[in-house]
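Student: I should like a close look at one part of this structure, namely the part in which the predictor has little confidence. Please then set that part against the remainder of the chain.

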Amino acid sequence: MIRYLLLIPLGIIVFLIISVGLFVNLSPQFGSNPSEEQRIEFEKLPHYSEGKFQNLIPTEMSMDFGKSLRLLPEFFKNDPSRQPDFELPIEKVNSIQLAEPSTNNLIWFGHSAFLIQLDGKNILLDPMFGDVPAPHPWLGNKRFFDELPIEIEQLPNIDMVLFSHDHYDHLDYESVMRLKSKTKMFLVPLGVGAHLESWGIPKENIQELDWWDERSLNGIQLAFAPSRHFSGRGLSNRFSTLWGSWVIKGQNDSIYFSGDGGYGPHFKEIGEKYGPFDLALLECGQYNENWKEIHMVPEETAQAGLDVNAKQIMPIHWGAFSLAMHGWTEPVDRLLIKANELEVSVQTPLIGETFYLRGEEVYNRKWWIRP
């Protein structure tokens, strides 16, 4: 009898292991890995070795499996400061207005997702429009707001989608599936194309870029630049694809999009090579002492704005999800203090608000403060 009782928990463990294995191997959310032919080509790169992409400077993750387990209770702790306790003032976007933009503009969807309308072209940045940044809803925290400023189906046809890396809060399977019929071209870091191909995106609609690669597409000048981060969507493919940031230049306006990453000398190099920028969209959120070298703290975000030679900056990677243990408004509050000290101009438009790249309007409403 005791033997049979002992078999029950063992059976549960075996069932869970099999279930996780089937989910990881069969769920399309995880995408696909670069081919062997691609990996052979990657080996020729100076920032790829031992089967992995490398950062430009030594970068400590400080998050082994044991430490991750110890942090889980803290991460899932019910801390009311980590999410809004009021309904955020989300501006709805008029699809008719998007169809005929009067001037260059951008719209923030929260976190790192943007629509940029530049010289008549529609460009999406890291379009994560899903509810939870995880391969399954049980594995992540829900978005702070229920309705997006506009649904994917209401967006105009998209000339290009730019991805910074393949983490779930930036590359979202469901969003890609809803975008693929209305998007002309996907531009991604090396190796990320394998995910898109496994989701049915034709190979000819995907361009993979290495650091410092440049493209001219429909009159828009693009460059894929380094960042200090990592990649991976599964249990065993960390560092298998590249990560980075984007330089986006039109006829008169230029934008820098940092993607994710820790502070480093690459910002100054990017500023010297491609600056000045009219606007820099800079990561500012989801940081922690345990992963400080792969996510900037807000004071470093302000300094990065100076380094890239930006006329003004906008904090991103906050305002939609809780992926760290800090309060949800802490990133922008800390940034504003340091930016004032360094005399860096900061813009904080509402989620969904149209931000015009040309003009004197200042977007400084502190919408994150409870009314």
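Tutor: Over residues 3-8 of this predicted model, pLDDT stays under 50, and the model has zero contacts for these residues beyond four places in sequence. A further stretch, residues 10-24, also has pLDDT below 50, but here the model does contain six contacts beyond near neighbours in sequence. Where pLDDT is low, the predicted coordinates should not be read in detail. Both stretches should be set against the average for the protein, a pLDDT of 91, with 90% of the residues scoring at least 70.

Turning to the chain as a whole, nine helices and 15 strands are assigned. The radius of gyration is 21 Å, close to the 21 Å that the globule rule gives for 371 residues, so the protein is as compact as a globular protein of that length. The C-alpha trace spans about 80 × 50 × 45 Å along its principal axes. Of the 371 residues, 54% are buried. When contacts between residues at least 6 apart in sequence are considered, 70% of them join residues at least 24 apart. The exposed surface comes to about 17,300 Å², of which carbon and sulfur atoms supply 53%. As for charge, the mean positions of the 32 positive and 49 negative charges lie 3 Å apart.

Several loops carry backbone details that merit inspection. Most residues other than glycine have a negative phi, and most peptide bonds are trans. Asp126, in the loop between strand 5 (121-125) and strand 6 (158-162), has a positive phi, near 40 degrees, and is not a glycine. Its relative accessibility is 1%, so Asp126 counts as buried. Gln286 also has a positive phi, of about 70 degrees, without being a glycine; this residue is found in the loop between strand 13 and helix 8 (298-307). With 5% relative accessibility, under the 20% limit, Gln286 is likewise buried.

The loop that precedes strand 13 (279-283), following helix 7 (266-274), holds Pro276. The peptide bond leading from Gly275 to Pro276 is cis, with omega near 0 degrees.

Glu204 belongs to the loop between helix 6 (193-198) and strand 8 (206-209). Its relative accessible area of 61% is over the 50% cut-off, and therefore Glu204 is exposed. The C-alpha atom of Glu204 is separated by 9.8 Å from that of Lys184, a residue 20 positions away along the chain.

Terms used. Residues are numbered from 1 along each chain as its sequence is written. This is a predicted model: local features need pLDDT of at least 70, side-chain atom pairs count only at pLDDT 80 or more; totals for chains, interfaces and linings use all residues. Side-chain values use heavy atoms; hydrogens and water are left out. pLDDT is the predictor's confidence in each residue, from 0 to 100. Contact means heavy atoms within 4.5 Å. Helices (H or I, at least four residues) and strands (E, at least two) are DSSP runs, numbered from the N terminus. The radius of gyration is taken over C-alpha atoms; the globule rule is 2.2 Å times the number of residues to the power 0.38. Buried means under 20% relative accessible area, exposed over 50%, partly exposed in between (1.4 Å probe, protein chains only). Accessible areas come from the Shrake-Rupley method with a 1.4 Å probe; for residues, only the protein chains shown count as cover. Lys and Arg count as positive and Asp and Glu as negative; His and the chain ends are not counted. The place of a charge is taken as NZ of Lys, CZ of Arg, CG of Asp or CD of Glu.
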